[in-house]
Structures are given as C-alpha cells and as structure tokens.
Amino acid sequence: MKILEIEGGKTLSGTVRISGAKNSAVALIPAAILSDEKVTICNVPEITDIDALCEILNHLGAQVKRASESIVIEANGMKNKAIPASMSKKLRASYYFMGALLGKYGKVKMRFPGGCSIGTRPINLHLKGFEALGAKILEEDNCYLIEAEKLHGANIYLDTASVGATINIMLAAVKAKGKTVIDNAAKEPEIVNVATLLNNMGAKITGAGTSTIKIQGVSSLGGCFHEVIPDRIEAGTYLILGACCGNHVKIDNIIPGHLEALTSKLEEAGVEMEIGADFIIVSKPEHPKAIQVRTQPYPGFATDLQQPLTAFLTLCDGKSKIDETIWENRFMHVPYLNQLGADIRIKNQTATIKGPTELVGTTVVATDLRAGASLVIAGLMAEGITKITNVEHILRGYEQIVEKLTNIGANIKEREI
Ligand code: EPU
C-alpha cells in the first residue's frame, strides 16, 4: 500500500506549474474516437485516470500513442466491444464512452462506471438524453445496453445542470441527424473545451458555456490538434495551500477567470493575491477571517474545492460555514481533519468550522480524491508528521503532486508499506 508521509509546519515558496484539466481530458479522450482520422491532444495530465482511459481505448482496438503530455488517438481500426466492469469501474468518466460509442456506432454495452464515493451519482439524465436522441436502453445487473437504429436530433431539458450528462449528450448528438438543443446545460469550462475539440473535428456546436447548447448533426468528423485547458481544481487546490502555508507561492499556467468564485472568497477571508494574466501569487495572511461558502455549479463555488478549502478555514478566526449542495456525501475528510485537531461539526449538508485551531500530525485516510487533497494541505499545515493512506485516490487526479510540493519546499514523501 502506498502512503504519503508529510512533515508539516514549513513555509512554502516558489512556483507550481498547473497541469491540464483532469475533468476535461477524461472527456476529450473518449470524444476523440468519434473521429475517422488522427486526433492529437496535448497538455494531457499524467494521472492514473488517463491510464485507465487508455486501457479502455486499447481494449477497443484504437491506436494510442502517448508521449509525455500528449496523446495521439486513431480510432479507425477500432471495434465496438463491450467494456468490462474491471475497466469501467476504475473511474467515473468511463461513462463518456457511452455517448462516444453510441454516437460512433449507434450501440454501446458497458457496466455502470466507478469513481469517488461522494454521493449516489445517478446517470438518469444521461440516459434520458440518449433516449430522446432515439436510443433504447436495457439495464440488467448494472450493465447497460444502449442501442439506436438511427440517432436523431431532439430538444432535451436537463432537470439538473449536470456536467456529465451535458457532455455525454453532446457526444451522442454530434453525428445524429438534425438539430439537438440541450437546455439547462452545465456551463463548466470543461464543457467548452470538449465542444471546441468536437468543432475542431468538424462538428457544429454553438452555445457551449451557456445554458443552451445547439448541435447540428454532421455525417463525419475528421482529425485535429487540440489542447487541454489548465486544471482549475488543481490550481485552486495549490492556491488554497498557498493561503495556508505560503510565502509568495506562484500558481502558474492557469486561467484566473476560471477561479473567480474561489479568489473572491479568499479575498473575503483576508488573503492577498496578485492576479496576473496566467498566474496568481498568494501568501498566508496574518489573521484570516471566517467566511461562508455554498457550493454551486459553475460559475459558482466548485464543490471540488470545498474539501481543500475546509483545511484553510481551520485557520480562520470565527465560525465558517460550508453548504454542500451538489454531493450528499462530500464531508468524509471532516472526521480526519478533526483527528488532526480541527473543530468541525456537520449538520445535514452544512459543515461549521470553528477557528483558529492548531493542527498536529497523525495518520489519516484519503477517502476520495479531493478529501485526499484536503488532508495533504492539512498535513502541510500541521506540526509533526502526518501519514495519509489510500493515496491511490489522490494520484488519480493530481499530477506529480509529490514533486510539485517538494519544489516549493514541502517535506513530503511517497512510501510503499
Ligand atoms: N445528477 C443527477 N442525474 C444525472 C447526473 C447528475 O441527478 O444523471 C446530479 C448529481 O447527483 C449531482 C449533480 O447532478 O447532484 C451534478 O452532477 P454532475 O453530473 O454535474 O457531476 P459529474 O459529471 O458526475 C463532474 C466532475 C466532478 C464534479 C462534478 C460537479 C468529472 C469526471 N467529474 O461530475 O468532479 O464534482 O462534475 O462539478 O468531470 C472531482 O474531480 O473530484 C469530481 C468529483
């Protein structure tokens, strides 16, 4: 088993270069199979979620070439085989193969995807979208057979602005006959990034980034070169870390506009930042104040940053509150923060954090990806040694986390026990 061992209490300074966005890359890779030609995607993060998607591509017989941060995918010789549970369960985003294979072949068979246990995570809206496009769905023992004689355009209203459903419906609709309109679509930057890839391949998608996306179906898609946007959640995690224990930490290669909900909350707490065109410089403030945060779909405060932010709120003077409105089980980091010395209570979907509290190292468990990020930050703040188990969750989403933290002066090691 891998663990992270952190000696906390150090002031960090230097530059962290942010990688390509996990939640974009995991959709761009399945999207690429819709093309009949070569698709090159660069700035792909080297994380285990991407390894898992490449394993699925190899299983399907697509040609995949990976060289440092780029991936070249040729889906010409591919076969539409069922994706076994052992592969789909490794990550949530395997569900993008539902939309992509349905769009390419009109048929897909796969098991329900895996991913972090942060809620029930239904896929009813994805399925509703596929049905509206003309597909029939058979579900047995968590295995889905989704099949359409011919996909056709449709008007689809999403009851919840779901990131996954918005992208999956776009993937299934790009080659459907006629026009599809997705209303109450999610507006996350990752959706714009996927629509841009599809448009570069020859699709006709307008409105991505707004709540109405229009897709005029095309008969074929070609090759292209595309870049993954910077990871706003990785950037936000390091920004929060800088506010906890930094002295001029530069978060580089980012789109600051994607982080506005976070930067405005940090400012409210008293954190001073220099915000440049593609970087933010942050230091730990003297006496940060308690704040209230409510997670919301983009451009609201990202649920994925709520867990890392909780570690910072233990430093703030007064009672901070976090309302988690997206996932019903996203406070699993809290008992472990309390073991480190935090004073956090949870009632329903609200966490109340009383601060400031001093943290002291102990052994804790990364129950999911962002819980793990929260514990890494807390471990770096805490006096003494913090050991984090279940590190696999963290490595699914943070590229070279040990190297990036070591570069800014952290004492952190990955060990096999
Ligand atoms: N929902 C439904 N039905 C559906 C789909 C979603 O009710 O068919 C609900 C969910 O239960 C949730 C809300 O809609 O309450 C939003 O879910 P969404 O579909 O937007 O989430 P997702 O696509 O499964 C992505 C990210 C998550 C991130 C959420 C919200 C990927 C691979 N995952 O998940 O990222 O928390 O959007 O922004 O893009 C992470 O990176 O740690 C992570 C969990």
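**A visitor's tour of the ligand site**

Visitor: Where does the ligand sit?
Guide: Welcome! This is a predicted model in which local features need pLDDT of at least 70 and side-chain atom pairs count only at pLDDT 80 or more, while totals for chains, interfaces and linings use all residues. Residues are numbered from 1 along each chain as its sequence is written, and side-chain values use heavy atoms, leaving out hydrogens and water. A pocket is an open set of points on a 1 Å grid over the protein atoms alone, where a 1.4 Å probe fits, with protein on both sides within 12 Å along at least five of seven lines; a molecule sits in it if more than half of its atoms lie within 2 Å of its grid points. The ligand sits in the largest pocket.

Visitor: How many residues surround the ligand?
Guide: A residue belongs here if one of its heavy atoms lies within 4 Å of the ligand. The closest are Asn 124, Ser 162, Val 163, Asp 304 and Ile 326. The number surrounding the ligand is 21.

Visitor: Which helix gives the largest share of the shell around the ligand?
Guide: Helices here are DSSP runs (H or I, at least four residues), numbered from the N terminus, and strands are E runs of at least two. Helices H1 (22-32), H5 (124-132), H6 (163-173), H10 (303-313) and H12 (369-381) each supply at least two residues of the shell. The largest share, three residues, comes from H5.

Visitor: What polar side-chain atom lies 2.7 Å from a nitrogen atom of the ligand?
Guide: We look for pairs of N or O atoms within 3.5 Å. An oxygen atom of the ligand is 2.8 Å from a polar backbone atom of Leu 125, and an oxygen atom of the ligand is 3.1 Å from an N or O atom in the side chain of Asn 23. The polar side-chain atom 2.7 Å from a ligand nitrogen belongs to Asn 124.

Visitor: How much of the ligand's accessible area does the protein cover?
Guide: Accessible area comes from the Shrake-Rupley method with a 1.4 Å probe. On its own, the ligand has 820 Å² of it. The protein covers 89%.

Visitor: Which residue does a cis peptide bond join to Tyr 298?
Guide: Most peptide bonds are trans. This one is cis, with omega about 15 degrees. The partner lies in the loop between strand E17 (292-294) and H10, and its name is Pro 299.

Definitions and conventions:
A polar contact is a pair of N or O atoms within 3.5 Å; within protein, one must be able to donate a hydrogen and the other to accept it, and residues adjacent in sequence count only if both atoms are side-chain atoms. On a 1 Å grid over the protein atoms alone, a cavity is a set of points where a 1.4 Å probe fits but cannot get out, and a pocket is an open set with protein on both sides within 12 Å along at least five of seven lines; lining residues have an atom within 4 Å of a point.
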